[in-house]
Amino acid sequence: MRLRAEGLAHAYDGIEALGPLDLAVESGERVAVIGPSGCGKSTLLAILGGLVRPSRGRVLLEGEPPRGSLVPLAYVFQDFALLPWRTVEANVALPLEDRLGAAERRERVRAALARTRLADFARAYPRQLSGGMRQRVGIARALVVEPGVLLLDEPLSALDAQTRELLLEEMLGLTAGATLVWVTHHLDEAVRVADRVVLLSARPGRVRAILPVPIPEAERGRPSALAELARLRHELWGLLREDARRAEATLGAGPADAGA
Ligand SMILES: Nc1ncnc2c1ncn2[C@@H]1O[C@H](COP(=O)(O)OP(=O)(O)O)[C@@H](O)[C@H]1O
Ligand SMILES: [Mg+2]
């Protein structure tokens, strides 16, 4: 599904947090959004997902303003955002509540759990799962609505390095062909998952640069792709470095791991 943001800007209580910026994501395209801490990445995603109403500008899906409660967008959160008192299957079923018939709901949940290899944990509670499994629940909950656009806000940032690598590979398979906007702190992650990387400036985040990743996704895990990916990463870090340094000095909090 095609997604556009036009003249998007947001202020919290008069403090400019984002934009103005324009963004166009084609159907089936994967866009990574990167930028210094506090530049408005989460705000951008929340606006795209309809969770926050922008101060200025608008979002268009297939050329139209999103309407109704069946907006075909799904979210994956950094902290998983699971309800601890609900089982895995009840968490995954959440976005379908009051929608579809009971039989179709059950079938969708079953299929989403199977795809994310959680079928055996349907009755478990989030506290009984590892971090990687919890995020697989978060992904299943996003896939269950069969979204036209998938919005991911640092989906791997709460995980250790090896889990991150494993889940990244798994997510690339699960989201093949999907239109997605993937916010990340990690440059390596950005050049691995995206067709284009959008780099935002320091707050209020504006589009500073857009870099295409000219290597087919399937080849990016190969040694032959390493030099080109490293070159891209180096170029991105060159553009980001000063903003990241300033953000780190002014915020004084939060992980400044963009160079890691
Ligand atoms: N609910 C809020 N109320 C007030 N300020 C906020 C709120 N959410 C975010 N901000 C501020 O807006 C700016 C952008 O935040 P955010 O979108 O979370 O940035 P990022 O995800 O890039 O780190 C930051 O300065 C942040 O402190
Ligand atoms: Mg954020």
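**Exercise 1. Decide whether Ala 81 is buried, exposed or partly exposed in this predicted model.**

Step 1. Count the neighbours. Ala 81 has 14 C-beta neighbours inside 10 Å.
Step 2. Apply the cut-offs. A residue is buried at 20 or more and exposed at 12 or fewer. Ala 81 therefore counts as partly exposed.
Step 3. Place the residue. Ala 81 lies in the loop between E5 and H2.
Step 4. Check the backbone. The phi of Ala 81 is near 55 degrees, a positive value in a residue other than glycine.

**Exercise 2. Do the same for Glu 62: find its place, its phi and its exposure.**

Step 1. Glu 62 sits in the loop between strand E4 (56-61) and E5.
Step 2. Its phi is positive, about 50 degrees, although Glu 62 is not a glycine.
Step 3. Glu 62 has 12 other C-beta atoms within 10 Å. The limit for exposed is 12 or fewer, so Glu 62 is exposed.

**Exercise 3. Locate two cis peptide bonds and say where their prolines lie.**

Step 1. One cis bond runs from Gly 19 to Pro 20, with omega near 5 degrees. Pro 20 belongs to strand E2 (residues 15-25).
Step 2. Another cis bond runs from Arg 203 to Pro 204, with omega near -5 degrees. Pro 204 is in the loop between strand E8 (196-200) and strand E9 (207-212).

**Exercise 4. List the residues around ligand 1 and sort them by class.**

Step 1. Start with the surroundings. The shell holds Tyr 12, Ala 17, Gly 35, Ser 37, Gly 38, Cys 39, Gly 40, Lys 41, Ser 42, Thr 43 and Arg 203.
Step 2. Sort by class. The shell has 3 nonpolar, 6 polar and 2 charged residues.
Step 3. Find the main contributor. Helix H1 (residues 41-48) gives the largest share, 3 residues.
Step 4. Link back to Exercise 3. Arg 203 is part of this shell, and the cis bond to Pro 204 starts from Arg 203.

**Exercise 5. Test the length of helix H4 (residues 131-143), then ask how enclosed it is.**

Step 1. H4 has 13 residues, and at 1.5 Å a residue it should span 18 Å. The expected span uses one less than the number of residues.
Step 2. The end C-alpha atoms of H4 are 18 Å apart, which agrees.
Step 3. Of the 13 residues of H4, 11 are buried, so the helix is largely enclosed by the rest of the structure. Among the buried ones are Met 133, Val 137, Ile 139 and Leu 143. Arg 134, Arg 136 and Arg 141 are buried too.
Step 4. Look for the cover. What covers the buried residues includes strand E5 (73-76), helix H2 (88-93), helix H3 (102-115), strand E6 (149-153) and helix H5 (161-174).

**Exercise 6. Examine Val 88: where is it, and which residues does it touch?**

Step 1. Val 88 is in helix H2.
Step 2. It is buried, with 28 other C-beta atoms within 10 Å.
Step 3. Leave aside residues up to four places away in sequence. Val 88 then touches Leu 118, Phe 121, Ala 122, Ala 124 and Val 137. Val 137 is one of the buried residues of H4.
Step 4. Compare chain and space. Val 88 and Val 109 are 21 residues apart along the chain, and their C-alpha atoms are separated by 9.9 Å.

**Exercise 7. Describe the largest nonpolar core and follow one of its residues outward.**

Step 1. The core has 68 residues, and Ala 32, Leu 151 and Val 197 have the most contacts inside it. H4 supplies the largest share, 6 residues.
Step 2. At least three residues of the core come from each of domain 1 (3-72 + 149-251) and domain 2 (83-146).
Step 3. Recall the general trend. In soluble globular proteins, nonpolar side chains tend to be buried together.
Step 4. Take Val 197. Its contacts beyond four places in sequence are Ala 32, Ile 34, Ala 190, Val 191, Leu 211, Val 213 and Leu 236.
Step 5. Move on to Val 213, in the loop between E9 and helix H7 (226-251). Val 213 is buried, with 21 other C-beta atoms within 10 Å. Its contacts outside the four-place limit include Val 191, Ala 194 and Leu 232.

**Exercise 8. Describe how the two domains meet.**

Step 1. The centres of domain 1 and domain 2 are 25 Å apart, taken over C-alpha atoms.
Step 2. At the contact, 10 residues of domain 1 meet 9 residues of domain 2.
Step 3. On the domain 1 side, H5 gives the most, with 5 residues. That side divides into 9 nonpolar, 1 polar and no charged residues.

Conventions:
Residues numbered from 1 in each chain as written. Chains lettered and ligands numbered in written order. Predicted model: local features only at pLDDT ≥ 70, side-chain atom pairs only at ≥ 80, totals over all residues. Near = placed C-beta within 6 Å. Helix = DSSP H or I, 4+ residues; strand = E, 2+ residues; numbered from the N terminus. Nonpolar A, V, L, I, M, F, W, Y, C, P; charged D, E, K, R; others polar. Contact = placed C-beta atoms within 7 Å. Core = buried A, V, L, I, M, F, W, Y, C linked by C-beta atoms within 7 Å. Domains from an automatic or database assignment.
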